[in-house]
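This report describes strand pairing, the main pocket and ring contacts in one protein model. Please consult the sequence and the structure shown here while reading.

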Amino acid sequence: MSDATILPIPRDLLAPGTGDAPFRAVATLSDLPPGRMLRLSRGDLDLLLAHTEAGLVATDDRCPHMSAPLSVGRLEGCQVDCPLHKGRFDLATGATVRFPTTGGLDADGAYHRPWAPLDAPPKPEPSDDKARARALTRVRRLRYYPLRVVDGRIEVRFPE
Ligand code: FES
């Protein structure tokens with residue numbers, strides 16, 4: 001494998017501090033065949049590299065809900081399922097495709113009710129501190145890291 005498509009960074013979702021940072025090699029294309037995800041840690045930053053059906057992308061390996069590692073979720077096409085609360089995120093656009101079961105606030109502050117899969121009992125409305133905390137937890141926007149491929153090496157700009 002010598003080349004791969006790189007997904008454009010969705011509008012306004014560039015990770016802060018990465019614009020002028022140098023590219024650093026993090027993996028090879030053979031480490032990341034189509035359909036695979038990879039977790040990379042550098043200092044306290046955990047990065048998700050994903051080879052989606054539309055191309056390569058680098059974002060945080062932290063669910064924008066409660067920070068679970070998306071790299072142990074499931075990648076289908078361009079969408080990744082979080083392993084914790086069934087949130088689903090589109091890595092090509094940064095959109096939340098399915099809100100977490102716990103409900104809460106979206107990135108714009110709109111409230112979403114808890115929900116339950118058909119085979120599980122319905123979630124109660126908030127009635128204690130834990131439920132209120134869930135309701136106020138905001139699903140933030142994914143942030144993206146510039147990425148390129150040089151001679152089969154995947155290189156990423158980390159924040160400086
Ligand atoms: S931590 Fe990912 S959906 Fe809750």
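Two strands are taken as paired if DSSP finds at least two bridges between them. Strands (E, at least two residues) are DSSP runs, numbered from the N terminus. The model is a predicted one, in which local features need pLDDT of at least 70 and side-chain atom pairs count only at pLDDT 80 or more, while totals for chains, interfaces and linings use all residues. Residues are numbered from 1 along each chain as its sequence is written, and side-chain values use heavy atoms, with hydrogens and water left out.

**The three-stranded sheet**

Strands of a sheet pair through backbone hydrogen bonds, either parallel or antiparallel. One open sheet has three strands in the order β1-β12-β11, with antiparallel pairing. Its edge strands are β1 and β11, each of which pairs on one side only. Ignoring direction, neighbouring strands of this sheet are turned by 35 degrees against each other on average; the angles refer to axes that are lines fitted to C-alpha atoms, and run from 0 to 180 degrees between N-to-C directions.

β1 (residues 23–28) and β12 (residues 153–157) run antiparallel and are joined by five bridges. On the other pairing, four bridges join β11 (residues 147–150) to β12, again antiparallel. Residues that face one another in β12 are listed below.

| Residue | Partner in β12 |
|---|---|
| Arg-24 | Val-156 |
| Ala-27 | Ile-154 |
| Val-149 | Ile-154 |

The hairpin of β11 and β12 has two residues between the strands, and Asp-151 takes a positive phi near 50 degrees there.

**The four-stranded sheet**

A further open sheet has four strands in the order β5-β6-β7-β8, also with antiparallel pairing. Because β5 (74–76) and β8 (96–98) each have a single partner strand, one side of each is left without a neighbour in the sheet. From one strand to the next, the twist averages 30 degrees. Three bridges join β5 to β6 (residues 79–81), which run antiparallel, and Arg-74 has Asp-81 as its bridge partner in β6.

**Pocket and ring contacts**

A pocket is an open set of points on a 1 Å grid over the protein atoms alone, where a 1.4 Å probe fits, with protein on both sides within 12 Å along at least five of seven lines; lining residues have an atom within 4 Å of a point. The volume of the largest pocket, the space filled by probe spheres set on the points, is about 190 Å³. Its lining consists of Asp-60, Arg-62, Pro-64, Arg-140, Arg-141, Leu-142, Arg-143 and Tyr-145. Three of these residues are nonpolar, none is polar and five are charged, where Asp, Glu, Lys and Arg count as charged.

Arg-42 lies over the face of Phe-158, at 4.4 Å from the ring centre; this arrangement requires CZ of Arg within 6 Å of the ring centre and within 35 degrees of the ring normal.
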